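Work through the exercises below with the sequence and the model open. Each task is followed by a solution in steps.

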Amino acid sequence: MMQRLHNRIRHRSRWIMVFLICLLSVALAGALSVGSVAIPFSMVAEMLWHWLGGTSLGQFPASAVDILFTIRLPRVLLVALTGAALSASGAAYQGLFRNSLADPYIIGVASGAGLGAMVAVLAGPVSWFGTIAMPVGAFSGAIIVVLAVTVAAQRRRERATQDMILAGVAIGTLASALTTFLMIRAGRQAGQLLAFLLGSASSVGWEAVRIVTVCIVIGLTCLVIAARDLNVLLLSEEQADLLGIDVRRVRVLVIFGATLMTAAAVAFHGLIGFVGIIVPHALRLLFGGDNRTLVPFAAIFGALFLLSADVLARTLQAPVEIPLGIVTACIGSPVFLALLLRRNRGL
Amino acid sequence: MTPLLTIHQCSICFGQKGVVTDVSLSADAGSFVALIGPNGAGKSSLLRAIAGIIRHAAGSIRLASTEVALMTPAQRARMVAMVSQQTVMPEGFTVREVIEMARYAYRPWYASASIADTEAVDRALMQCEIMQFADVPATQLSGGEQQRVAVARAIAQESQILILDEATAHLDLHHQAAILRISREMTHRGVLVIAAMHDLNLAAAYATHIILLDNGRVAAQGTPADVLQQIVLERVYRTALISIPLPDAPYPLYILDHSQSL
């Protein structure tokens with residue numbers, strides 16, 4: 001029965017994609033209307049329509065326009081982009097490592113990005129470089145970890161994937177330890193840094209949205225190009241080579257694309273757990289393993305998942321905001337355990 | 001005419017250890033070459049070097065007239081297909097989708113399957129008699145059926161050389177016979193089949209040419225009747241054998257002599 005569902009979805013994947021994009025647009029508008037000052041959904045939709053059309057917003061209350069376009073829209077867009085980035089990169093890492101529990105954390109990428117972003121924060125932001133410093137720091141940290149992991153795993157080419165996971169766990173743990181050390185040494189800034197590490201989107205602007213969008217477009221393009229060949233890599237690296245796949249090219253595309261997306265997400269949102277595991281894992285159970293549909297679906301469902309979590313984070317204890325990482329962990333852990341139990345029972 | 005496969009003084013090393021030394025052979029399109037020899041004789045290493053998965057340390061391996069080490073993965077995939085002893089089927093893919101992966105080498109990443117691709121997959125499904133499993137998840141099949149899927153995938157590659165690396169080793173008699181029969185059919189279509197085998201009698205029954213490897217070197221090569229000499233086999237395998245003459249074949253049937261050991 002599940003197989004029939006998979007086949008139907010595969011044949012209609014383009015229509016499902018259109019439907020999901022519409023659903024995501026509605027969810028974005030819904031998330032924009034929720035907050036300490038409620039703005040009716042219809043008004044949000046109308047303001048967005050005028051904004052996208054480039055017409056005047058003079059007919060709407062100035063406070064609502066200000067709240068929507070200065071505070072909420074960049075924040076909500078960044079949340080959606082972060083969910084898409086973590087989820088799509090999780091799906092890609094799982095394919096590359098042939099391990100459904102792999103995610104941006106497994107090869108230490110997220111920890112490296114967190115450490116890099118934290119070093120950038122502690123170094124002190126200066127003018128325009130201030131906004132770009134976080135992603136640059138995060139990407140530098142992430143790419144150093146990836147390179148270290150790759151070098152550590154290069155000795156035994158036939159077991160490169162397993163060795164990468166082991167090296168990633170070791171290097172990621174070291175990066176987390178250094179991050180904790182920096183936080184202890186930060187003194188008064190410790191609270192702010194902890195909020196960053198737990199995932200907070202409370203103070204973001206359009207600059208951050210632009211940077212993350214560029215990173216995600218580049219990263220997602222790499223993953224979409226690699227998606228078909230990533231399917232063959234699921235057989236084994238040797239089989240993929242025999243079937244004419246340039247394994248090194250696929251590995252470079254996936255690692256670069258997924259690392260860029262993870263770094264961008266971590267730089268402005270801190271470490272948000274479970275999105276990169278739970279969304280692709282659930283989608284794989286529902287829609288099958290073809291990365292050509294899985295990666296784009298994971299991006300959209302990841303955005304939807306994190307948007308929902310963000311609405312909860314903002315409303316559950318309003319006006320106090322719960323860090324997003326705590327909400328995703330509280331939703332993610334039980335759902336993930338339920339999925340594992342379901343799979344183990346063969347359902 | 002240039003042979004489809006030409007190996008000249010090929011040596012393969014793992015670190016300092018030589019596993020294949022000075023092997024030379026050539027094989028034409030449409031032949032069935034069986035590679036026999038004890039465990040560790042270098043059969044798999046030689047096959048993997050022919051497929052381009054591992055590099056040879058010395059000598060040359062040419063497919064048609066091109067050195068295998070100079071080919072891109074896509075060029076190699078059009079020349080050589082290989083079925084290994086162990087087959088991994090990915091979760092969440094149907095049998096058809098797994099076989100369709102064999103056609104990726106024929107088109108860029110953004111192109112969808114062409115009519116030629118679909119026809120090649122259908123032919124492979126029919127030839128391996130697994131059309132009824134086409135839409136079944138590949139992981140739900142038995143070991144023997146999965147091995148047939150692997151053979152079908154290799155056939156769908158439409159390459160000129162088919163390598164079987166002990167592909168029938170863990171299979172029951174029915175699946176062994178089926179895979180060897182399919183391989184022989186491939187030779188009728190001009191494909192060169194090279195199979196590493198442990199069963200001497202199956203090798204004799206299916207192969208047109210046999211190469212006996214011992215400790216990385218060619219101990220004997222030729223027709224089954226030339227190579228399957230009791231005295232040579234007993235020396236290479238360090239085991240006593242009993243030969244039983246077959247009425248219609250130029251070679252005898254060999255079974256283990258359990259009463260003696262050399």
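Helices (H or I, at least four residues) and strands (E, at least two) are DSSP runs, numbered from the N terminus. The expected span of a helix is 1.5 Å times one less than its number of residues.

The model is predicted: local features need pLDDT of at least 70 and side-chain atom pairs count only at pLDDT 80 or more, while totals for chains, interfaces and linings use all residues. Residues are numbered from 1 along each chain as its sequence is written, chains are lettered from A and ligands numbered from 1 in the order in which they are written, and side-chain values use heavy atoms, with hydrogens and water left out.

**Exercise 1. Chain A and its helix α11**

Task: Describe the make-up of chain A, then compare the expected span of α11(A) with the distance between its end C-alpha atoms.

Solution.
1. Chain A has 14 helices and 0 strands.
2. Of its 347 residues, 53% count as buried, where buried means under 20% relative accessible area, exposed over 50%, and partly exposed in between (1.4 Å probe, protein chains only).
3. Among contacts in chain A with a separation of 6 or more, 75% are between residues 24 or more positions apart; contact means heavy atoms within 4.5 Å.
4. Helix α11(A) covers residues 247-269, and its 23 residues should span 33 Å at 1.5 Å a residue. The end C-alpha atoms are 32 Å apart, which agrees.
5. Since 18 of the 23 residues are buried, α11(A) is largely enclosed by the rest of the structure.
6. Gly270(A), just after α11(A), has a positive phi of about 75°.

**Exercise 2. A helix pair in chain A**

Task: Give the geometry of the packing of α9(A) and α13(A), and name the residues that meet.

Solution.
1. Two packed helices are described by the angle between their axes and the distance between the axes. Axes are lines fitted to C-alpha atoms, for helices over the stretch in contact, and angles run from 0 to 180 degrees between N-to-C directions.
2. For α9(A) (residues 206-233) and α13(A) (residues 291-315), the angle is about 145° and the axes are 8 Å apart.
3. From α9(A), Leu220(A), Leu223(A), Ala227(A), Arg228(A), Leu230(A) and Asn231(A) take part; from α13(A), Asn291(A), Arg292(A), Val295(A) and Ala299(A).
4. By class, the contact of α9(A) with α13(A) holds 6 nonpolar, 2 polar and 2 charged residues. Ala, Val, Leu, Ile, Met, Phe, Trp, Tyr, Cys and Pro count as nonpolar, Asp, Glu, Lys and Arg as charged, and the others, Gly among them, as polar.

**Exercise 3. The open sheet of chain B**

Task: State the strand order of the open sheet in chain B, and find which strands stand at the edges.

Solution.
1. Two strands pair if DSSP finds at least two bridges between them.
2. The 4 strands are ordered β2-β1-β4-β5 in chain B, with antiparallel pairing.
3. The edge strands are β2 (17-27) and β5 (66-67) of chain B; each has a single partner strand, so one side of each is left without a neighbour in the sheet.
4. Strand β4(B) (residues 58-63) is joined to β5(B) by 2 bridges, and Leu63(B) is opposite Thr66(B).
5. In the loop between β4 and β5 of chain B lies Ala64(B), with a positive phi near 55°. Ala64(B) has a relative accessible area of 29%, so it is partly exposed.
6. Gln9(B), in strand β1 of chain B, also has a positive phi, about 45°. Its relative accessible area of 43% makes Gln9(B) partly exposed.
7. Helix α1(B) (residues 43-51) lies across β1 (5-14), β2 and β4 of chain B, at about 120° to β1(B).

**Exercise 4. Ser183(B) and helix α6(B)**

Task: Is Ser183(B) buried or exposed, and which residues beyond its sequence neighbours are in contact with Ser183(B)?

Solution.
1. Ser183(B) is part of α6(B), residues 173-188.
2. Its relative accessibility is 0%, so Ser183(B) counts as buried.
3. With neighbours within four places in sequence left aside, its contacts are Phe32(B), Leu162(B), Leu164(B) and Val193(B).
4. The buried residues of α6(B) pack against β3 (32-36), α4 (115-127), α5 (143-156), β7 (161-165), β8 (192-196) and α7 (200-206) of chain B.

**Exercise 5. The interface**

Task: How many residues of each chain are in contact, and what area is buried between chain B and chain A?

Solution.
1. The contact involves 29 residues of chain B and 24 residues of chain A.
2. About 2300 Å² is buried, 55% of it from carbon and sulfur atoms. Buried area is the accessible area (1.4 Å probe) that two parts lose on being put together, summed over both.
3. On the chain B side, Phe93(B), Tyr104(B) and Trp109(B) lose the most area to chain A, together 29% of what that side buries.
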